[in-house]
Amino acid sequence: PVPSPTPAPAPATTDGATSTGDPGDSPELQARTSDLRVRALDALPAPRAMLADLPLGATRSDLVTTSRREVRDVLAGDDHRLLVIVGPCSVHDPEAALEYAGRLAAVAHELADDLMVVMRVYFEKPRTTVGWKGLINDPHLDGSHDVHHGLRLAREVLLGVLDAGVPAACEFLEPTSPQYIADAVSWGAIGARNAESQVHRQLASGLSMPVGFKNATDGDVQIAVDGCITAASEHTFFGMDSLGRAAAVETAGNPDCHVILRGGRSGPNYGADDVAAALAVARTSGRGGVTEHGLVVDASHGNSGKSHVRQAEVVREVSARLAEGEQGITGLMMESFLVAGAQKPAPSGLVYGQSVTDACIDWDTTADLLQELAAAVRARRAL
């Protein structure tokens with residue numbers, strides 16, 4: 001017998017509605033309610049295709065694997081070094097970012113006994129209202145939003161940073177972008193605006209590296225702790241597989257999540273009393289390990305009033321406390337680039353090596369601060 005032909009799948013709208021084949025469910029009728037505010041849909045390449053085109057390779061993979069383990073050991077107290085996440089507020093110029101990586105690699109190697117240095121390589125910028133959203137979203141800084149080029153460029157930068165011998169750190173904002181870049185990342189962050197987001201907590205539960213949750217923009221630390229608790233749990237949620245298909249994602253949970261103190265509208269929270277109070281909250285989580293052992297201090301944002309001059313002062317204050325033996329601070333973040341300060345993003349005429357988002361510490365000051373932090377770690381170890 002001849003089998004009956006398999007019926008063709010019903011057409012679907014981009015809103016996800018499926019046509020029943022009923023004459024009343026025509027495309028014209030669907031158009032009345034679907035995608036009324038969507039201008040265009042531009043299909044992205046499958047993550048697997050981009051990773052095959054720009055592979056991580058064995059040497060880079062070894063660096064990522066080793067550095068993830070070292071970061072975790074520092075955060076858990078099994079390694080007595082200090083984790084230092086340092087680099088531009090956001091990457092906008094790949095050439096300048098890679099020059100910075102080369103300089104950082106030399107200092108990181110020199111201070112490797114005392115500091116676990118990871119370069120801040122941020123491609124996605126959360127905005128309070130509107131503004132430049134980062135290299136992935138708008139790589140030409142002109143509002144053209146060439147996301148295809150931005151994704152590829154971001155991966156090329158990450159591979160270049162690893163080639164310089166420096167592990168990379170990223171903040172994850174879009175829930176699908178990690179499929180294109182996360183294999184090359186050694187430490188991840190969930191920002192203050194997203195720490196309470198279920199989507200981002202679920203995302204962190206499946207990420208393969210330690211992840212820091214920042215306190216909320218109002219300074220609330222409990223939100224960051226709740227993020228760590230949630231991300232350590234198993235989840236099932238909507239996502240995308242390596243072929244770019246919609247998928248139900250099941251995760252095992254991420255046990256290596258921790259709190260980042262970044263200050264807030266209520267003021268800075270990097271002081272010794274603030275750290276002790278935040279640790280007291282973290283130690284109610286019941287998670288133990290990385291979450292309860294210590295936390296990371298972000299010297300920028302609310303802790304410095306976004307002043308790069310004040311940021312360097314915050315680093316020095318924390319360094320002095322570490323040298324006196326203060327425990328509980330397992331890491332420090334600072335925003336640093338080749339040239340001090342910041343400038344407005346533009347497609348041309350920019351100062352080479354200067355941030356186009358938050359103001360950054362210049363390279364010479366950064367190198368001095370890293371030396372001071374290393375000395376402080378040695379002093380704390382001696383105590």
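The expected span of a helix is 1.5 Å times one less than its number of residues. That rule can be tried on helix α4 of this predicted model: with 17 residues, α4 should span 24 Å, and its end C-alpha atoms are 25 Å apart, so expectation and model agree. Right at the start of α4, Asp 93 lends a hand, with a side-chain oxygen that comes to within 3.0 Å of the backbone nitrogen of Glu 95.

What does α4 tuck away? Its buried residues are Ala 96, Ala 97, Tyr 100, Ala 101, Leu 104, Ala 105, Val 107 and Ala 108. These buried residues pack against two strands, β1 (82-87) and β2 (115-120), and against two helices, α5 (147-163) and α12.

Tyr 100 deserves a closer look. A search of the whole structure turns up two aromatic pairs. In the pair made by Tyr 100 and Trp 363, the ring centres are 5.3 Å apart and the planes stand at 85 degrees, which makes the pair edge-to-face because that angle is over 60 degrees. The pair ties together distant parts of the chain, since Tyr 100 belongs to α4 (residues 94-110) and Trp 363 to α12 (residues 363-382), 263 residues apart. Both partners count as buried: Tyr 100 has a relative accessible area of 0%, and Trp 363 has one of 8%. Phe 337 joins Tyr 100 and Trp 363 in one aromatic cluster.

Another ring has a charge for company: the charged end of Arg 120 sits over the ring of Tyr 122, 3.8 Å from its centre.

On to the nonpolar cores. The largest has 89 residues, and the members touching the most others are Leu 115, Phe 123 and Phe 213. Setting aside residues up to four places away in sequence, Phe 213 touches a long list of residues, including Ile 190, Ala 195, Cys 228, Cys 257 and Val 259, along with Arg 201 and His 258. Apart from the largest core lies another, of 16 residues, with Ala 76, Val 118, Ile 260 and Val 296 among them. Ile 260 is also one of the residues that Phe 213 touches.

Finally, Arg 48 lies in helix α2 (residues 47-53). This arginine is partly exposed, at a relative accessible area of 48%. Beyond its neighbours within four places in sequence, Arg 48 is in contact with Ser 242 and Leu 243. Arg 48 and Tyr 180 are 132 residues apart in sequence, yet their C-alpha atoms are 8.0 Å apart in space.

How values were computed: Residues numbered from 1 in each chain as written. Predicted model: local features only at pLDDT ≥ 70, side-chain atom pairs only at ≥ 80, totals over all residues. Heavy atoms only, no water. Phe/Tyr/Trp six-rings, centres within 6.5 Å; stacked < 30°, edge-to-face > 60°. Helix = DSSP H or I, 4+ residues; strand = E, 2+ residues; numbered from the N terminus. Buried < 20%, exposed > 50% of the residue type's maximum accessible area, 1.4 Å probe, protein only. Lys NZ or Arg CZ within 6 Å of the ring centre and 35° of its normal. Core = buried A, V, L, I, M, F, W, Y, C linked by side-chain atoms within 4.5 Å. Contact = heavy atoms within 4.5 Å. Polar contact = N/O pair within 3.5 Å; in protein donor to acceptor, adjacent residues only side chain to side chain.
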